[in-house]
Amino acid sequence: MSLTVYAIDGIVPVVDPTAFVHPSAVLIGDVVVGPGCYIGPLASLRGDFGAIRIGAGANVQDCCVLHAFPREEVVIDTDGHIGHGAILHGCRIGRNALVGMNAVLMDGVTIGENSIVAAQSFVKAGETIPPGSLAAGTPARVLRPVTEDEIAWKSAGTAEYQRLTRRCHASLVACAPLAAVEPNRGSVDCGPLQPLHQTR
């Protein structure tokens, strides 16, 4: 599958061969996607002002937007996990941290390693979420430390996205739809991961 990638000012995005970038995602300019990463459908990684760096094994899911002011950057460290529809602008996501669906992180934000930012949270400019914290709200505030079970659940989810990267390389193909459900229809090869609330 061909990627939707654009150079600007002679700067060409870099995608490690072991990463998977969906063809409908858009990468522009100073973007570097590391090994084993997953970049989902319709994600926009715009390195046309500041740089975007995606560390090994991280995932950026469907409809996420990553951008920065001039000479600033977005950094997602190793095993970072960015949920559907999140917006990251000029911020840093620590190792093994999770940003929930539709969260918005503004310029100068730092999310510490092993932290979780809850879905639909707004993290205002310049805020620092310490390592191992759960932050939520608008504006987001630290509620408590994350538990060992929550970190384990987050890590399992990231591992499932790393497996999805390999599944996409192995079997994702463009195709025409069927007109009807075929007999003995199979199912996709996903793992046993459950939503967090079902693990409690």
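Student: Why is Cys168 called buried?

Tutor: Welcome to this predicted model! The relative accessibility of Cys168 is 10%. Buried means under 20%, so Cys168 counts as buried.

Student: What makes Cys63 partly exposed?

Tutor: The value for Cys63 is 44% relative accessibility. Buried would need under 20% and exposed over 50%. Because 44% lies in between, Cys63 counts as partly exposed.

Student: How do you know that Cys63 is in no disulfide?

Tutor: Let's start with the whole count, which comes to zero disulfides. For Cys63, the nearest cysteine sulfur belongs to Cys64 and is 7.8 Å away. A disulfide needs two cysteine sulfur atoms within 2.5 Å, so at 7.8 Å this pair does not qualify.

Student: Let's turn to a glycine. Why is Gly40 called buried?

Tutor: Gly40 has a relative accessible area of 0%. That is under the 20% cut-off, so Gly40 is buried.

Student: Where is Gly40 found, and which residues is Gly40 in contact with, leaving aside neighbours within four places in sequence?

Tutor: Gly40 sits in the loop that links β5 (38-39) to β6 (44-54). With those neighbours left aside, Gly40 is in contact with His22, Ala25, Val60, Gln61 and Asp62. His22 is 18 residues away along the chain, yet the C-alpha atoms of Gly40 and His22 are separated by 5.5 Å.

Student: And Thr78: what makes Thr78 count as buried?

Tutor: Thr78 has 18% relative accessibility. The cut-off for buried is under 20%, so Thr78 counts as buried. Thr78 is also in a loop, here between β9 (73-76) and β10 (81-82). Not counting residues up to four places away in sequence, Thr78 touches Gly55, Ala56, Arg95 and Asn96.

Student: Now the whole chain. How many helices and strands does the chain have?

Tutor: The chain has one helix and 20 strands.

Student: How do you know that the chain is as compact as a globular protein of that length?

Tutor: The radius of gyration of the chain is 17 Å, and the globule rule gives 16 Å for 200 residues. The two values are close, so the chain is as compact as a globular protein of that length. Along its principal axes, the C-alpha trace spans about 55 × 50 × 25 Å.

Student: How many of the residues in the chain are buried, as a percentage?

Tutor: Of the 200 residues, 42% are buried. The chain exposes about 10300 Å², with 59% of that supplied by carbon and sulfur atoms.

Conventions. Residues are numbered from 1 along each chain as its sequence is written. This is a predicted model: local features need pLDDT of at least 70, side-chain atom pairs count only at pLDDT 80 or more; totals for chains, interfaces and linings use all residues. Side-chain values use heavy atoms; hydrogens and water are left out. Helices (H or I, at least four residues) and strands (E, at least two) are DSSP runs, numbered from the N terminus. Buried means under 20% relative accessible area, exposed over 50%, partly exposed in between (1.4 Å probe, protein chains only). Contact means heavy atoms within 4.5 Å. The radius of gyration is taken over C-alpha atoms; the globule rule is 2.2 Å times the number of residues to the power 0.38. Accessible areas come from the Shrake-Rupley method with a 1.4 Å probe; for residues, only the protein chains shown count as cover.
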